Amino acid sequence: MQAVRANDDWAMLEPEVMEIDGRLDNGTAPDVEEDARLCIQSGARNMVFDCRRLTYMSGAGLRVLLSLAREMKMAGGKFAVCGLQPQVKEMFEAAGLNAVIPAYSNPGEATVARAA
Amino acid sequence: MPSPNPITVLEEFLLLALDDATGQFYPLARSTFDCAVAGAALVDLTLRQRIDNDLKDMFVTNATPTGNPLLDPVLQQMAMAPVLSPKPIAHWLRTFAAEGEALREQGLRHLEALGILKREDKKILWMFGSRRYPMIHQEEQREAKLRVIGVILRDDIPAPHDIMLVALAHACGLFRYLLSDHDLASSGPRIEQVSRMDLVGQAVARATSEIETAIAMASGFR
């Protein structure tokens, strides 16, 4: 797993895109959560998780997405995901997260939608 | 990361299931209550990052003891299962629901030790035993109930810990005692939405539904 901040625009006119790859599970979720939380605490108010290279997500991953969406909402910001792969999408939809976290097909679509 | 809450989800669930007016548990079906208690133990281990799950299986990811005497035997039993043949959540629910009474008893003893409630045994008509658990400090129970009810009545994204409590409460039909008739009638979709967010809670709901169906069929009502 690797979480990479793909842009450095902390003013948040553009979404903060974090690339998440590999697995989001008990082994990796705490680091991803901490990185994203630091971004929120540093002022990020528009964040997108780019999941195009995320191949597996467990229950721990779902909880991280929920926690970050909750934290961002409480801070008055927006949180979304994009590029969900089959297993990840199946988990995401099974937990009904599509009702509370917007999901886009790719970062470009997410950026346009989030900037609107 | 250990939960900041000194009591477990299982113990918090027991507090939710206790009627503060009578000191007795709300009249939940024993089998569904045991299943929810087992689910609560699994939830506690997921929050302590000892186990994880996907749509198919639940598995141990870190067998290091939590230091909690209620949870560690559960973790130990799961850790002994063969790694190469992981089991679904339903399997573990059935396994630990069979130990529901012991888990409940341990949770209640810990709540007694913390001075949150006390145990009172009485005889009715000198024959029938009656056990009550009056609260000594009601803050924990009140706080848990307010938090869970708040999740249902507001439209916020709930914290994972609260999602799990809502899912467990929903799975065993506890909301009919926690909410007014009016709130219960209007909150159905929200309770369903929140409960769905936790896959362990979903599994508990499926298991309790199967138990209720089996009981109804055995009783000739279906």
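**Chain B, its side towards chain A, and three residues**

In this predicted model, 16 residues of chain B are in contact with 21 residues of chain A.

Visitor: Which elements give two or more residues to the side of chain B that touches chain A?

Guide: The elements that do so are β3 and α9 (181–196) of chain B, and the residues on that side of chain B divide into 7 nonpolar, 5 polar and 4 charged.

Visitor: What makes R63(A) count as buried or exposed?

Guide: R63(A), which belongs to helix α2 (residues 59–74) of chain A, has 25 C-beta neighbours inside 10 Å; a residue is buried if 20 or more other C-beta atoms lie within that distance, and therefore R63(A) counts as buried. The C-alpha atom of R63(A) is separated by 10 Å from that of N26(A), and the two residues are 37 apart along the chain.

Visitor: Why is A94(A) called partly exposed?

Guide: A94(A) has 16 C-beta neighbours inside 10 Å, and because the partly exposed class lies between 12 or fewer, for exposed, and 20 or more, for buried, A94(A) counts as partly exposed. A94(A) is in helix α3 (residues 86–94) of chain A, and its C-alpha atom is separated by 21 Å from that of T28(A), 66 residues apart along the chain.

Visitor: Which residues is A94(A) in contact with, leaving aside its neighbours within four places in sequence?

Guide: With those neighbours set aside, A94(A) is in contact with L55(B) and L199(B).

Visitor: How do you know whether Q49(B) is buried, exposed or partly exposed?

Guide: Q49(B), in the loop between α2 (30–47) and β3 (51–53) of chain B, has 19 other C-beta atoms within 10 Å; since buried requires 20 or more and exposed 12 or fewer, Q49(B) is therefore partly exposed.

Visitor: What is there to say about the phi of Q49(B)?

Guide: The phi of Q49(B) is positive, at about 60°, although this residue is not a glycine. Most residues other than glycine have a negative phi.

Visitor: How do you know whether the radius of gyration of chain B agrees with that of a compact globule?

Guide: For 222 residues a compact globule would have a radius of gyration near 17 Å, and chain B has 17 Å, so the value agrees. Along its principal axes, the C-alpha trace of chain B spans about 55 × 40 × 40 Å, and chain B has 10 helices and 6 strands.

Visitor: What percentage of the residues of chain B count as buried?

Guide: Of its 222 residues, 41% count as buried; as for contacts in chain B with a separation of 6 or more, residues 24 or more positions apart account for 68%.

Definitions and conventions:
Residues are numbered from 1 along each chain as its sequence is written. Chains are lettered from A and ligands numbered from 1 in the order in which they are written. This is a predicted model: local features need pLDDT of at least 70, side-chain atom pairs count only at pLDDT 80 or more; totals for chains, interfaces and linings use all residues. Helices (H or I, at least four residues) and strands (E, at least two) are DSSP runs, numbered from the N terminus. Two residues are in contact if their C-beta atoms, placed from the backbone, lie within 7 Å. The radius of gyration is taken over C-alpha atoms; the globule rule is 2.2 Å times the number of residues to the power 0.38. Ala, Val, Leu, Ile, Met, Phe, Trp, Tyr, Cys and Pro count as nonpolar, Asp, Glu, Lys and Arg as charged, and the others, Gly among them, as polar.
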